[in-house]
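This report covers the sheet and the nonpolar cores of one chain. The sequence and the structure come first.

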Amino acid sequence: TTDEVKSIIKEMYYKLKRAGFKVTLIKCDGAFRSIETFINEDLESEVNFCNPGEHVPQAERNIRTLKDRSRIIYHQCPFNRLPRVMVLTLGEVGADDMNMYPAKNGVSRQYSPRNIVDKKEIDYDMIKIPKFSYVLAHDDSLNTKNTMKERAIDAIYLQPNDNRQGGHICMNLNTGQLIRRKYVTKIPITPSVIRQVHDLALAED
């Protein structure tokens, strides 16, 4: 919706502003004409629309690269079907991975967009687990309790939890819901895990 588009653009605008950048021009195609006033007045930026039938070349290349990265991740995993949670992760992970390393024709050969805009370094311990791996997601809150409740949950690894505390974002294999855990343990995937992921995907159709 228009409100969602405004929210996303506004979020990116202020992220760049906090990093010391001033956004003076936003390029887009005719589909965004409904937010021209918002860009001009609220963000105090100029907007340039492409001619009918044209698109912004840089944006089109970025979209193509993201799609390619998503396909790579998908074909590297053993699943033929993916639940929506995992499908959404494909796009997020592709964009995050691109921003972790210096861009070939970017503003710096040493610093990545993540370094420049978010002021964050790459933590190998947070990216060493392959996406869509089978993991045990540990529940630290139970470690000090003398109960028979399971200490870990069967899960599919999605991506690092990008905050100061660290941790990981996974999909609970029993419910298909997102969960966040401080520690996870990667273990070999089994046919039953693959079937469970396929069952979760089929249940959403």
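Which strands does helix 4 lie across, and at about what angle does helix 4 run to strand 4? In this predicted model, helix 4 (residues 84–99) lies across strand 4, strand 5 (168–172) and strand 6, and its direction is at about 40° to strand 4.

The sheet is open and has 5 strands in the order 6-5-4-3-7, with antiparallel pairing. Because strand 6 (178–181) and strand 7 (184–186) are the edge strands, each with a single partner strand, one side of each is left without a neighbour in the sheet. From one strand to the next the twist averages 45°. Strand 3 (residues 134–138) pairs with strand 4 (residues 152–160) in the antiparallel sense over 5 bridges. A137 is placed opposite I153 in strand 4.

The nonpolar cores are listed below.

| Core | Residues in core | Including |
|---|---|---|
| Largest nonpolar core | 18 residues | F79, M86, F132, I156, M171 and L173 |
| Second, separate core | 11 residues | I9, V23, I39 and V47 |

In the largest core, the six residues named in the table are those with the most contacts inside it. Helix 4, strand 4, strand 5 and helix 7 (191–204) are the elements that give two or more residues to this core. Helix 7 gives the most, with 4 residues.

L173, one of the residues with the most contacts inside the largest core, touches Y134, D154, A155, I156, V193, Q196, V197 and L200, when residues up to four places away in sequence are not counted.

Notes: Residues are numbered from 1 along each chain as its sequence is written. This is a predicted model: local features need pLDDT of at least 70, side-chain atom pairs count only at pLDDT 80 or more; totals for chains, interfaces and linings use all residues. Side-chain values use heavy atoms; hydrogens and water are left out. Two strands pair if DSSP finds at least two bridges between them. Axes are lines fitted to C-alpha atoms, for helices over the stretch in contact, and angles run from 0 to 180 degrees between N-to-C directions. Contact means heavy atoms within 4.5 Å. A nonpolar core is a set of buried Ala, Val, Leu, Ile, Met, Phe, Trp, Tyr and Cys residues joined through side-chain atoms within 4.5 Å. Buried means under 20% relative accessible area, exposed over 50%, partly exposed in between (1.4 Å probe, protein chains only).
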